[in-house]
Amino acid sequence: MVKRLYPLLTPEVISRRVAELGGAISCAYAGKELLIVGVLKGSFMFVADLVRALTIPAQIDFVRLSSYGAGDVPGEISFTQNLDLSPKGKHLLVVEDIVDTGHSMERLLNALQDMGAESVKLCALIDKEERRAANVTVDFFGFRLAKGFVVGYGLDFAEDYRCLPGVFELSKKRSSQS
């Protein structure tokens with residue numbers, strides 16, 4: 001099997017949309033104590049660009065999650081890296097690379113709310129709303145995609161492709177030299 005990359009989002013398109021998101025988030029959180037919570041590893045590029053697009057002060061922290069489940073069945077979420085900063089009384093904006101079924105995000109958002117956050121909202125570079133199985137709303141999204149396995153701009157396949165500056169659909173095609 002040969003893997004092929006099909007361009008979906010250029011760096012220029014991503015940059016323009018991230019700037020728009022930065023403006024919208026800045027307006028929504030003006031005068032509030034904002035804590036940006038990036039979900040590692042996939043969101044690292046998006047978080048870096050997004051916080052540079054903000055016009056308001058914000059603190060930044062990261063979490064890393066692990067889901068213990070069988071195959072595609074969601075399990076319990078555990079933090080393999082927890083927040084260093086206290087969310088108590090702050091407005092949290094969770095920044096994720098991609099949200100599809102929403103199971104992990106639902107558990108994360110609930111856990112952060114239980115830690116005493118004033119509010120918890122979700123921002124995702126890519127929202128696969130059609131695949132949503134959990135009760136999760138992406139409050140700020142970069143792009144909505146219906147299908148396809150995407151890589152680049154922090155998104156990976158087996159830890160590869162994260163460093164690509166754009167977003168690509170990764171497709172497996174049969175090699176003609178089998």
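The following exchange examines how several descriptions of this predicted model are justified.

Reader: What is the pattern of helices and strands along the chain?

Author: The chain has 3 helices and 9 strands. In sequence order they follow β-α-β-α-β-β-β-α-β-β-β-β.

Reader: What makes the radius of gyration of the chain agree with that of a compact globule?

Author: For 178 residues, a compact globule would have a radius of gyration near 16 Å, and the chain has 17 Å; the two therefore agree. Along the principal axes, the C-alpha atoms fill a box of roughly 60 × 40 × 25 Å. As for burial, 42% of the 178 residues count as buried. The accessible surface comes to about 9500 Å², and carbon and sulfur atoms account for 49% of that area.

Reader: Which share of the contacts joins residues 24 or more positions apart?

Author: Among contacts with a separation of 6 or more, 66% are between residues 24 or more positions apart. Pro-11 offers a case of distance in sequence set against distance in space: Pro-11 and Tyr-153 are 142 residues apart in sequence, while their C-alpha atoms are 8.5 Å apart.

Reader: Where does Pro-11 lie, and why is Pro-11 called partly exposed?

Author: Pro-11 belongs to helix H1, residues 11-28. Its relative accessibility is 35%, which falls between the limits of 20% and 50%, so Pro-11 counts as partly exposed. Beyond its neighbours within four places in sequence, Pro-11 is in contact with Pro-165 and Gly-166.

Reader: How do you know that Cys-123 forms no disulfide?

Author: A disulfide is a covalent bond between the sulfur atoms of two cysteines. To be counted as one, the two sulfur atoms must be within 2.5 Å. The closest cysteine sulfur to that of Cys-123 is in Cys-27, 14 Å away, and is therefore too far for a bond. The structure as a whole holds 0 disulfides.

Reader: Why are Cys-123 and Cys-163 placed in opposite classes, buried or exposed?

Author: Cys-123 has 0% relative accessibility, under the 20% limit, and so counts as buried. Cys-163 has 70%, over the 50% limit, and therefore counts as exposed.

Reader: What makes the peptide bond between Leu-40 and Lys-41 worth a remark?

Author: Most peptide bonds are trans. The bond joining Leu-40 and Lys-41 is cis, with omega at about 5 degrees. Lys-41 lies in the loop between strand E2 (34-40) and helix H2 (44-53).

Reader: Which values of phi do Glu-159 and Tyr-161 have, and where do these residues lie?

Author: Most residues other than glycine have a negative phi. Glu-159 has a positive phi, near 70 degrees, and Tyr-161 likewise has a positive phi, of about 80 degrees. Glu-159 is in the loop between strand E8 (150-151) and strand E9 (167-173), and Tyr-161 is also in the loop between E8 and E9.

Reader: Why are Glu-159 and Tyr-161 called partly exposed?

Author: The relative accessible area of Glu-159 is 44%, between 20% and 50%, so Glu-159 is partly exposed. For Tyr-161 the value is 27%, again between those limits, and Tyr-161 is therefore partly exposed.

Reader: How many charged side chains of each sign does the chain have, and how far apart are the centres of the two sets?

Author: There are 21 positive and 22 negative side chains. The centres of the two sets lie 6 Å apart.

Conventions
Residues numbered from 1 in each chain as written. Heavy atoms only, no water. Helix = DSSP H or I, 4+ residues; strand = E, 2+ residues; numbered from the N terminus. Rg over C-alpha atoms; globule rule 2.2 N^0.38 Å. Buried < 20%, exposed > 50% of the residue type's maximum accessible area, 1.4 Å probe, protein only. Contact = heavy atoms within 4.5 Å. Areas by Shrake-Rupley, 256 points an atom, 1.4 Å probe, with all protein chains shown as cover. Lys, Arg positive; Asp, Glu negative; His and termini not counted. Charge placed at Lys NZ, Arg CZ, Asp CG, Glu CD.
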